[in-house]
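Dear colleague,

I am passing on a structure to you, together with some notes on what turned up when I went through it. Please read them alongside the model shown here.

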Amino acid sequence: MTRFEIQELPLAGLKLIKRQQQGDARGHFSRLFCSQELAQAGWTVPIAQINHSVTARCGTVRGMHFQKPPHTEIKLVTCLRGSVWDVAVDVRAGSATFLHWHAQCLTAENLYSMLIPEGFAHGFQTLSDDCELIYLHSKPYVTEAESALNAFDGLLRIDWPLSVTVRSERDTAHPWLDDGFKGVIL
């Protein structure tokens, strides 16, 4: 019995993972990760780090973060409480979908996760108050490899669904794209 439904998304390597939930009078159960089953979706390495984020206010935007080579990482992002507009941007040099983005609504109820391959920037906007996300990472965070795109860059044209209520100073200061950004070479 498979515990996941895996769906290809418009950007190569980006996947939507729907967890299968089993329930009875006691409540319900769903698996968050299975290396054997998620290998077919592209997760073929050990989990190196697990992060948990809590965002208090609806309309908050976080991101668009990524790690530069050789520290590029796969992420599996799951919403445990609330709902978010989860966004991945292809930053792979030479990709046919370079700087294209895809967004998916992740909620505690819909049981969706987004599997984000190496070479993608990631961010989200909260669609409700008190959102909790859990991130599984294929590599540990390395400060020197940190990079980001500005979530409101006109070249990306990300269609954020709500007015922005909160952004960190750090995220607001992320650079704007210009012709010099060539992406990451994997």
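**Salt bridges, pocket and surface**

With a relative accessible area of 56%, Glu-8 is exposed, because the cut-off for that class is over 50%. Please bear in mind that this is a predicted model. The side chain of Glu-8 meets that of Lys-15 in a salt bridge, at 3.6 Å from N to O, and Lys-15, at 8% relative accessibility, counts as buried, so this bridge joins an exposed residue to a buried one.

The count of salt bridges comes to five, and two others among them deserve a description here. Asp-90 is paired with Arg-92, their closest N and O atoms lying 2.8 Å apart; Asp-90 has a relative accessible area of 0% and is buried, and Arg-92, at 15%, is buried as well, because the limit for that class is under 20%. Arg-170 forms a salt bridge with Glu-146, where the closest N and O atoms are 2.5 Å apart. This pair links distant parts of the chain, since Arg-170 belongs to helix 2 and Glu-146 to strand 13, with their positions 24 residues apart. Arg-170 counts as partly exposed at 41% relative accessibility, and Glu-146 is likewise partly exposed, with a relative accessible area of 28%.

Which residues are the closest to the centre of the largest pocket? The volume of this pocket is about 520 Å³, and of the 26 residues that line the pocket, the closest to its centre are Arg-62, His-65, Lys-75, Tyr-135 and Arg-170. Arg-170 is thus a lining residue of the pocket as well as a partner of Glu-146 in a salt bridge. The elements that give two or more residues to the lining are strand 5 (49-55), strand 6 (61-67), strand 11 (120-126), strand 12 (131-137), strand 13 (146-148) and helix 2 (169-172), and of these strand 6 gives the most, with six residues. By residue class, the lining divides into six nonpolar, 13 polar and seven charged residues.

On the surface, Phe-152, Val-164 and Trp-176 form a nonpolar patch, with about 290 Å² of accessible area together. Trp-176 is found in the segment after helix 2, and at 54% relative accessibility this residue counts as exposed.

With best regards

How values were computed: Residues numbered from 1 in each chain as written. Predicted model: local features only at pLDDT ≥ 70, side-chain atom pairs only at ≥ 80, totals over all residues. Heavy atoms only, no water. 1 Å grid on protein atoms, 1.4 Å probe; cavity = no way out; pocket = protein on both sides within 12 Å on 5 of 7 lines; lining within 4 Å. Points joined across faces, edges and corners; volume = space filled by probe spheres on them. Helix = DSSP H or I, 4+ residues; strand = E, 2+ residues; numbered from the N terminus. Nonpolar A, V, L, I, M, F, W, Y, C, P; charged D, E, K, R; others polar. Patch = residues over 30% accessible without salt bridge, like charges linked within 9 Å, V, L, I, M, F, W, Y side chains within 5 Å. Areas by Shrake-Rupley, 256 points an atom, 1.4 Å probe, with all protein chains shown as cover. Salt bridge = Lys/Arg side-chain N within 4 Å of Asp/Glu carboxyl O. Buried < 20%, exposed > 50% of the residue type's maximum accessible area, 1.4 Å probe, protein only.
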